[in-house]
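Dear colleague,

Please find below the structure that I am handing over to you, followed by a summary of what was found in it. I should be grateful if you would read the notes alongside the model.

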Amino acid sequence: MNIIILGAGQVGSSLAELLAKENNDVTVVDLDRTHLQRLQDRIDIRTVNGHASNPDILNQAGLEEADMLIAATQVDDTNIVACQLAHIMHKTPTKIARVRSSSYLDHPELFDRNLNTNAIPINVLISPESLVKDYILQLISYPGSLQVVDFAEGRVRLVAMRAYSGGLLVGKKIREIKHYLPEGAQNRVVAIYRRDEVVIPTGNVTIQVGDEVFFLAEPDSIPLIVQELRRDKLRPSRNIMIAGGGNIGFNLARELEKQHQVKIVDHNVTQARQISESLENTIVINGDVSDRNLLLEENIDEIDLFVAVTNSDEANIISGMMAKKLGVRRVIALVNNQSYVDLIHLNSIDVALSADQITTSRLLHYMRQADTVKAFTLRRGAAEAMEIIVHGSENSSDLIGRKISEIRWPMDITIGCIIRDNEVKFAHRDLTIEAEDHVILFLNDRTRAAEVTERFLPREKKTLF
């Protein structure tokens, strides 16, 4: 696939790195030669120095041959204009724009993803800040969760949890789990990570203390399963402190203040005053979130959840670790630098989020073969979960009409469930795949994603098998 990325910032660079590794032809456009050179030194891409919404620069980047344009500069107007130009000049098939301002996001009628009207022709709007906010809200919905991903429009969710000593399911074999859960709480364990090693979740595998367990379940069943993986009774996060009053912190507080006791700490007095005037029930504090005395004055030991979402990785890490040391039960921190994420994993901070990875996952299914509805990176980019629709008939497909056990899947793939006629069918050996099924699967080695998705293509379109 021929892809042009506008902007070599964090989001653009992360997308370029991911897409280049997957054998796409990637061109990155940016005004900063230094950013471009750093990218080119690290990955095999083409770069163009210039303004992203300049028609001549877009042509120089190869817009005429592009299958996709991802406008990810820091300026909303530039991204929107670039997509408009791509449509007018060359009818670029897929146009994706990063848009941060609520002035645009609150008016979806301005944009036309199907390109059937006179609205701005953008197929996909992405707002990293909004995606991070929604991701954090999902984590708050399930106390103790490490990751939560929706599939099939929310009919089934993938949840990652750590198994603790004393949990009812700890020490039990996977095939025995159903005997310890209430009737109807169906699930499918799709992956286990033990000391960062992959354990293929066969029925005879025993869940051990410290295991990171990924399971699929319907939303109503998830709290029951989560409870049995823990030794303690998890209570909802009632008292929440947010570090940082920017786009993420402000919008997160606005969502949470309806049902939670929320405090925001921001070091900028002007911004603190603005958000205090816009929020109804949130306590806004002007100060340094890494100030130990300030945290103690604000009764940090009574906080159930501390969320650090400033624009500084270092501030998020330091304040998160300090909050944990001062008695906060759970800490979520926004950390975009991958080297930092690897260092702090399991060190005081319960969940480290990367806006780049969350944003990349929002776009990942556009890069996949077959009819991939959703694809999401997991385990800091090492693994991937997908939702793929099976099209065709028994005459044209290698999957339709066959039982799951009859298909030669790669060893590192686990079929989680099938959505058929809005019904969730958890995978088992004798489950037969039918046309138009939505298959949800987990891939431990995401470098093999192309191989997996190709299995879902009609026989005449296959190249690997």
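Two strands are taken as paired if DSSP finds at least two bridges between them. Strands (E, at least two residues) and helices (H or I, at least four) are DSSP runs, numbered from the N terminus. This is a predicted model, in which local features need pLDDT of at least 70 and side-chain atom pairs count only at pLDDT 80 or more, while totals for chains, interfaces and linings use all residues. Residues are numbered from 1 along each chain as its sequence is written, and side-chain values use heavy atoms, with hydrogens and water left out.

Strand β11

Strand β11 spans residues 212–217 and has two antiparallel partners: β8 (residues 156–162) is joined to it by 6 bridges, and β9 (residues 187–194) is likewise joined to it by 6 bridges. On the β8 side, Val-159 has Phe-215 as its bridge partner. On the β9 side, Tyr-193 stands opposite Glu-212.

The strand is mostly covered, with 6 of its 6 residues buried; buried means under 20% relative accessible area, exposed over 50%, and partly exposed in between (1.4 Å probe, protein chains only). Glu-212, Phe-214 and Leu-216 make up one covered face of β11, and Val-213, Phe-215 and Ala-217 the other.

Salt bridges

The structure holds 21 salt bridges, each being a side-chain nitrogen of Lys or Arg within 4 Å of a carboxyl oxygen of Asp or Glu.

One of them is formed by the side chains of Lys-263 and Glu-298, at 3.2 Å from N to O. This pair links distant parts of the chain, 35 residues apart: Lys-263 belongs to strand β13 (residues 261–266), and Glu-298 to the loop between α10 (292–297) and β15 (305–308). Both residues, Lys-263 and Glu-298, are buried.

Another salt bridge joins Arg-420 to Glu-434, whose closest N and O atoms are 3.5 Å apart. Because Arg-420 lies in strand β20 (residues 413–420) and Glu-434 in the loop between β21 (423–426) and β22 (438–443), the pair ties together parts that are 14 residues apart in sequence. Arg-420 counts as buried, at 12% relative accessibility, whereas Glu-434 counts as partly exposed, at 39%.

Arg-448 and Glu-451 also form a salt bridge, with 3.0 Å between the closest N and O atoms. Arg-448 is partly exposed, with a relative accessible area of 27%, and Glu-451 is partly exposed at 21%. Through shared partners, salt bridges join Asp-412, Arg-448, Glu-451 and Arg-455 into one network.

Yours sincerely
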